[in-house]
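User: Could you help me read a protein model, step by step? I would like to learn about its core and its rings.

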Amino acid sequence: MKTKKRNFRYDRLIIFIAIILIIIFIIYFSILGIIKIFKALFPKSPEIAEDIRVIEDYNKLLPSIQVSVPEAQEYTVTHLIYDDNTKAIGSNINSTYGIVYCVDDRQVLGRKSSQERMYPASMTKVMSLIVAVENILDLNDTFEMTFEIINPLYLQNATVTGLSSGETVPLIDLLYGIILPSGADATDAIAQYICGSQDEFVKLMNKKAEELGLIDTHFTNTSGLHDPNHYTTAYDMALILDYAIHNETCRKILSTYKYTTTSTEQHPNGIDFYSTMFNKVRSDQIDGMEILGGKTGYTYEAHHCLASFAEKDGKTYIAVTGYGENKYSPIYDMITLFEDYTY
């Protein structure tokens with residue numbers, strides 16, 4: 001009889017402890033949800049991560065990157081040349097996918113699974129930028145950020161600019177926010193402004209891909225969040241960047257190291273946007289060549305990737321890599337491609 005009472009008491013104790021644990025978990029996750037909502041309503045200005053190894057006094061080295069921008073004109077992307085001058089890259093780079101070529105003569109100088117499908121991650125935003133620039137009549141027009149745009153992205157742990165719900169900002173600030181800090185909130189805001197929804201904006205992105213003659217590219221969202229049907233190739237991604245750098249506004253944004261947004265009530269001093277690429281590499285990193293700009297990308301499925309362009313002896317080169325092992329792999333791979341495979 002005593003044994004039964006002890007077992008009964010023991011069972012009640014176990015149930016009591018289990019209930020307490022469940023209550024603790026409920027409280028814990030409720031607090032996390034409240035914190036995320038609070039952050040969405042009152043986000044802090046983004047700061048550069050300490051582990052990015054930002055160079056001290058970088059602004060003195062690169063106060064503003066001056067690029068020679070072609071006059072506005074209709075630019076037609078022509079396909080690239082693979083021939084005996086095209087080298088197999090192989091294990092010379094860490095990334096699984098890669099391509100480097102001369103924009104001026106269309107010669108592919110190095111390739112590694114360059115026409116196999118890969119996930120572009122935030123390199124997608126180069127196409128978002130193109131479509132935005134070609135469909136906005138006044139870059140000084142404004143857009144009011146909303147909770148509906150910002151909050152879901154915080155819950156998805158997507159990269160955002162730090163703009164607040166209710167903050168009214170010029171469209172040009174959003175364009176810089178798309179590329180420099182890689183803000184998904186900026187791409188969604190631009191999509192809302194131009195088309196009223198992300199889905200309609202994505203249709204314009206896919207239409208542009210068709211116009212450029214891309215053979216294996218499809219978009220399902222504006223920012224590069226993972227989706228099995230959101231894909232490209234190193235070859236196609238290079239052509240997207242090629243087209244972008246022949247547009248004055250796109251080229252300027254892709255070539256910028258730092259941009260400060262317009263003063264608002266929420267951010268009287270503006271927000272400093274820093275290039276996710278130039279935070280890891282200097283423009284003069286390669287002897288005899290100037291790295292002019294580019295766009296990084298990362299998701300778990302895409303790994304680390306980068307689309308970049310540079311100039312050497314008056315010639316422009318583009319390099320794209322995908323599925324790099326760590327966040328510095330695309331930088332090292334880019335340097336290898338520009339150093340070892342260009343004229």
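Below are a few questions about this structure, each with a short answer.

Analyst: Happy to help! This is a predicted model, in which local features need pLDDT of at least 70, side-chain atom pairs count only at pLDDT 80 or more, and totals for chains, interfaces and linings use all residues. Residues are numbered from 1 along each chain as its sequence is written, and side-chain values use heavy atoms, with hydrogens and water left out.

User: Which helix gives the largest share of the largest nonpolar core?

Analyst: A nonpolar core is a set of buried Ala, Val, Leu, Ile, Met, Phe, Trp, Tyr and Cys residues joined through side-chain atoms within 4.5 Å. Buried means under 20% relative accessible area, exposed over 50% and partly exposed in between, with a 1.4 Å probe and protein chains only. The largest such core has 72 residues. Its largest share, nine residues, comes from helix 8 (residues 234–244; helices are DSSP runs of H or I, at least four residues, and strands of E, at least two, numbered from the N terminus).

User: Are the rings of Tyr82 and Tyr235 stacked or edge-to-face?

Analyst: Rings of Phe, Tyr and Trp (its six-membered ring) pair if their centres lie within 6.5 Å; planes under 30 degrees apart count as stacked, over 60 as edge-to-face and the rest as tilted. Here the centres are 6.0 Å apart and the planes are at 15 degrees, so Tyr82 and Tyr235 are stacked.

User: Is Tyr235 buried or exposed?

Analyst: Its partner Tyr82 is partly exposed, with a relative accessible area of 31%. Tyr235 has a value of 3%, so Tyr235 is buried.
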